[in-house]
Amino acid sequence: MERIEHRACFGGWQDVWQHESTVLGCAMRVGVYLPPQAADARCPVLYWLSGLTCTEQNFITKAGAQRYAAEHGIILVAPDTSPRGPGVADADGYDLGLGAGFYVNATQAPWSTHYRMHDYVADELPALVEARFPASDARAISGHSMGGHGALVVALRHPGRYRSVSAFAPIVAPSQVPWGRKAFAAYLGDDVEAWRAYDACELVGTARERLPLRVDQGGADEFLAEQLRPDLLRAACERAGHPLDLRVHPGYDHSYYFIASFVGEHIAHHAAALRDGSGSGTAR
């Protein structure tokens with residue numbers, strides 16, 4: 001790994017690292033915040049998955065999360081949202097291709113060569129982090145919008161891997177909304193059965209542990225009615241008996257002003273689970 005940014009922040013260090021990804025077949029950048037506690041001991045890790053058009057920079061520069069991570073002694077890991085570089089497929093528009101990996105393992109050409117963000121987030125990145133940094137194997141995961149979708153899906157597909165999961169304004173039913181249908185058709189093909197493996201509303205019905213889902217949604221979010229549809233997640237969780245803490249905040253939109261307003265609460269939520277394991281849920 002090559003460190004390309006290094007800045008003091010709330011007693012710790014906000015770094016950006018670049019590494020060659022075997023899974024994605026390209027160089028990847030990832031933001032890593034080491035709290036002051038990491039100088040003396042291994043710390044738990046909160047993985048953050050960003051949304052459409054983002055890189056590793058959006059969260060580390062806009063959310064203000066380092067302050068709370070320093071308070072609770074949590075390492076923050078924020079990867080890029082897609083593979084990038086020469087030869088990596090792209091498309092017109094902001095919602096497919098670069099910056100829009102959707103955290104799936106693509107099966108269709110030309111995307112399947114590089115777009116395997118699910119395996120990168122779930123397997124390669126944690127292995128790298130736990131080998132390179134003073135990180136324990138206590139993990140949590142969170143994200144925003146497309147990244148909120150990714151966080152929910154990764155946690156639901158890997159029971160026992162994460163102590164807690166949360167999301168800001170996630171795309172909870174990508175199989176049923178325009179953003180998801182466009183991406184899934186391109187990355188996974190026309191067989192809608194293949195889409196179910198990356199749809200949180202589908203996965204809660206067969207989840208093998210009851211890991212509580214924490215979701216915060218802005219009531220004035222411009223994408224609420226057409227793209228996000230938290231009502232579908234509520235209904236799916238009620239049918240499955242899966243624990244869901246869904247909070248809708250009047251007046252808040254889809255921006256990082258919304259994330260910055262509540263990220264401290266999310267980190268405190270994860271800190272409690274990472275500390276004592278109480279958020280790990282029960283097996284079905």
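Me: What makes the order of the 9 strands an open sheet, and how are they paired?
Reply: The order is E1-E2-E3-E5-E4-E6-E7-E8-E9, with mixed pairing; two strands pair if DSSP finds at least two bridges between them. Strand E1 (2-9) and E9 are the edges: each has a single partner strand, so one side of each lacks a neighbour in the sheet. Strands (E, at least two residues) and helices (H or I, at least four) are DSSP runs, numbered from the N terminus. This is a predicted model, in which local features need pLDDT of at least 70 and side-chain atom pairs count only at pLDDT 80 or more, while totals for chains, interfaces and linings use all residues. Residues are numbered from 1 along each chain as its sequence is written, and side-chain values use heavy atoms, with hydrogens and water left out.

Me: How do you know that strand E6 (residues 135-143) and strand E7 (residues 164-168) pair?
Reply: DSSP has to find at least two bridges, and 2 bridges join E6 to E7, which run parallel. Ala140, for example, has Ser164 in E7 as its bridge partner.

Me: Why is the pair of Trp48 and Phe59 called stacked?
Reply: Rings of Phe, Tyr and Trp (its six-membered ring) pair if their centres lie within 6.5 Å; planes under 30 degrees apart count as stacked, over 60 as edge-to-face and the rest as tilted. For Trp48 and Phe59 the centres are 4.3 Å apart and the planes at 15°, so the pair is stacked.

Me: What makes Tyr252 and Phe262 edge-to-face?
Reply: Their planes stand at 70°, with 5.0 Å centre to centre, and the pair is edge-to-face. Tyr252 lies in the loop between E9 and helix H10 (256-276) and Phe262 in helix H10, so this pair ties together parts 10 residues apart in sequence.

Me: Why does Tyr252 count as partly exposed?
Reply: Buried means under 20% relative accessible area, exposed over 50%, and partly exposed in between (1.4 Å probe, protein chains only). Tyr252 has 30% relative accessibility, so it counts as partly exposed. Phe262, at 9%, counts as buried, and so does Trp48, at 2%.

Me: How do you know that the buried residues of H9 line one face of the helix?
Reply: In helix H9 (residues 230-240) the buried residues are Pro230, Leu232, Leu233, Ala236, Cys237 and Ala240. Seen down the axis, they fall within an arc of 150°, so they line one face; the arc is that of the directions from the helix axis to the C-beta atoms. The face turned away from the buried side carries exposed Glu238 and Arg239.
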